[in-house]
Amino acid sequence: MKEFDYIIIGGGCAGLSLAYELEINDKLKDKTLAIIEPRTEYKKDKTWSFWKVVSHNFDDCVIKSWKNFTINIPKKINHLECLNYPYQSIDSGLFYEKINNRLKENKNISLFKDISEINSKNSFIFNSVPSIKKNHLNLWQHFCGVEIETQNNFFDDEIFNLMDFDCDQRESVHFFYTLPYSKTKALVETTWLSKMNDNSQKDYDNQIKDYLENHLNLRNYKITYKEEGAIPLFYPTYEETKNKINIGTAGGMTRLSTGYTFLNIQEHSKYICKNIENISKIRKFEISKKYQFLDDIFLRVLNENPKMMPDIFFKMFKGSPKTVIKFLSNKSNFFEDLKIILKMPKWTFIKALFN
Ligand SMILES: Cc1cc2nc3c(=O)[nH]c(=O)nc-3n(C[C@H](O)[C@H](O)[C@H](O)COP(=O)(O)OP(=O)(O)OC[C@H]3O[C@@H](n4cnc5c(N)ncnc54)[C@H](O)[C@@H]3O)c2cc1C
């Protein structure tokens, strides 16, 4: 059976981002890479959005970029600017196409459906398939989004809505998220932060229909695309071995308080690429311990006090949006952290710290 220098398990966001980073930096000229991916065809299955706090390789896959956004709770709305860090949405279909077209050109890169087709004994492995043990106490961000097209101009495409908490909370944390791509096209998503043990939260189609028709008062629209997912708000099990690094969700690249993962994956890919010649000796790349600690407290508060969360999120965005964006994108300094921490209800967070 054939052997390879490197193996990437899972040709999704993290696996392909890493392969692309290695390829464009000429790291695969004299090395071989096998990508293990069971899917039979690549098509758009996700929309990756984030504040662009660092550069990445996929500006040409961006559907739309915004410099304004809103967050709202019942009867209150906050309009915010993100001039320095625009919010971008990436079309996964364009991302897969761009990367696969580039990788096809290198004969040192091979694709397989299953790892049993190759000899993996002497390879260095990058694994993006998470090992998730079922635990009813774990929190998830689970959601369903639809892209809709309207007959007439309906949306203001200059401004997106990050969180609309003016909806049924059902003892959990629930909000809608709207990304208007144009005046007649938008992605509308229903999002829950919960332990996912209440199946009634999963009537996503009804939630979206009700939101569109009774909240936004939209009648003439058609659904052109749908995506559904669940992001673990805990770190998957990670087995440390000498010849293996976990990447993507499996490698702890999700910021647990937000679910944002895409840009962390890009930064991890750059780190691996930079150190590829020394790969078995490098320090583990991780989201800084400061954010791991703060997110842990934040999620404990969320778990114990779901009813307080719309207000907490709303308050977080009072003041400079730049500070909050940097905080949520792992780029804040000590003083910016402090500004965010001081906006939180003190006793609730102190209690969570000692629970
Ligand atoms: C619908 C959705 C929307 C999201 N939106 C955002 C967003 O807006 N912003 C953001 O920052 N993050 C977002 N995320 C979170 C995160 O960015 C994505 O989940 C991202 O795809 C994670 O990349 P990954 O490579 O870890 O996993 P994936 O992209 O899921 O890749 C894993 C790959 O492994 C393959 N695979 C599965 N089993 C095996 C196996 N046994 N052997 C080999 N391969 C296997 C799968 O087919 C898949 O291609 C979203 C997640 C989902 C699900």
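Into which domains does the domain assignment divide the protein chain? In this predicted model, the assignment gives domain 1 (6–58 + 91–131 + 236–281), domain 2 (140–232) and domain 3 (289–354). The C-alpha centres of domain 1 and domain 2 are 29 Å apart. Contact between these two domains involves 9 residues of domain 1 and 8 residues of domain 2. On the side of domain 1 that touches domain 2, the residues comprise 1 nonpolar, 5 polar and 3 charged.

The ligand is surrounded by 29 residues, of which Gly 10, Gly 12, Ala 14, Gly 229 and Gly 248 are the closest. Domain 1 and domain 2 each contribute at least three residues to this shell. With respect to secondary structure, at least two shell residues are supplied by each of α1 (13–24), β3 (47–51), β14 (221–232) and α4 (262–274). Strand β3 accounts for the largest share, with 4 residues. Classified by residue type, the shell around the ligand consists of 13 nonpolar, 12 polar and 4 charged residues.

Two of the elements that supply the shell around the ligand, α1 and α4, also pack against each other, their axes coming within 9 Å and crossing at roughly 40°. The angle makes α1 oblique to α4, and the crossing of the two helices is right-handed. From α1, the contact is formed by Cys 13, Ala 14, Ser 17, Leu 18, Glu 21 and Leu 22, which meet Phe 262, Ile 265, Gln 266, Ser 269, Lys 270, Ile 272 and Cys 273 of α4. By class, 8 nonpolar, 3 polar and 2 charged residues make up this contact. Ala 14 thus appears in two settings: Ala 14 is among the residues closest to the ligand, and Ala 14 belongs to the α1 side of the contact with α4.

A further helix pair is formed by α7 (residues 321–328) and α8 (residues 334–343), whose axes come within 10 Å and cross at roughly 105°. Because angles of 65 to 115 degrees count as roughly perpendicular, α7 and α8 are assigned to that class. Helix α7 contributes Thr 323, Val 324, Lys 326 and Phe 327 to the contact, while α8 contributes Glu 336, Asp 337, Lys 339 and Ile 340. The residues of the contact of α7 with α8 divide into 3 nonpolar, 1 polar and 4 charged.

Conventions. Residues are numbered from 1 along each chain as its sequence is written. This is a predicted model: local features need pLDDT of at least 70, side-chain atom pairs count only at pLDDT 80 or more; totals for chains, interfaces and linings use all residues. A residue is near a molecule or strand if its C-beta atom, placed from the backbone, lies within 6 Å of it. Ala, Val, Leu, Ile, Met, Phe, Trp, Tyr, Cys and Pro count as nonpolar, Asp, Glu, Lys and Arg as charged, and the others, Gly among them, as polar. Domain bounds come from an automatic or database domain assignment. Axes are lines fitted to C-alpha atoms, for helices over the stretch in contact, and angles run from 0 to 180 degrees between N-to-C directions. Angles under 35 degrees count as roughly parallel, over 145 as roughly antiparallel, 65 to 115 as roughly perpendicular and the rest as oblique. A crossing is left-handed if the near helix is turned anticlockwise from the far one by less than a right angle, and right-handed if clockwise. Two residues are in contact if their C-beta atoms, placed from the backbone, lie within 7 Å.
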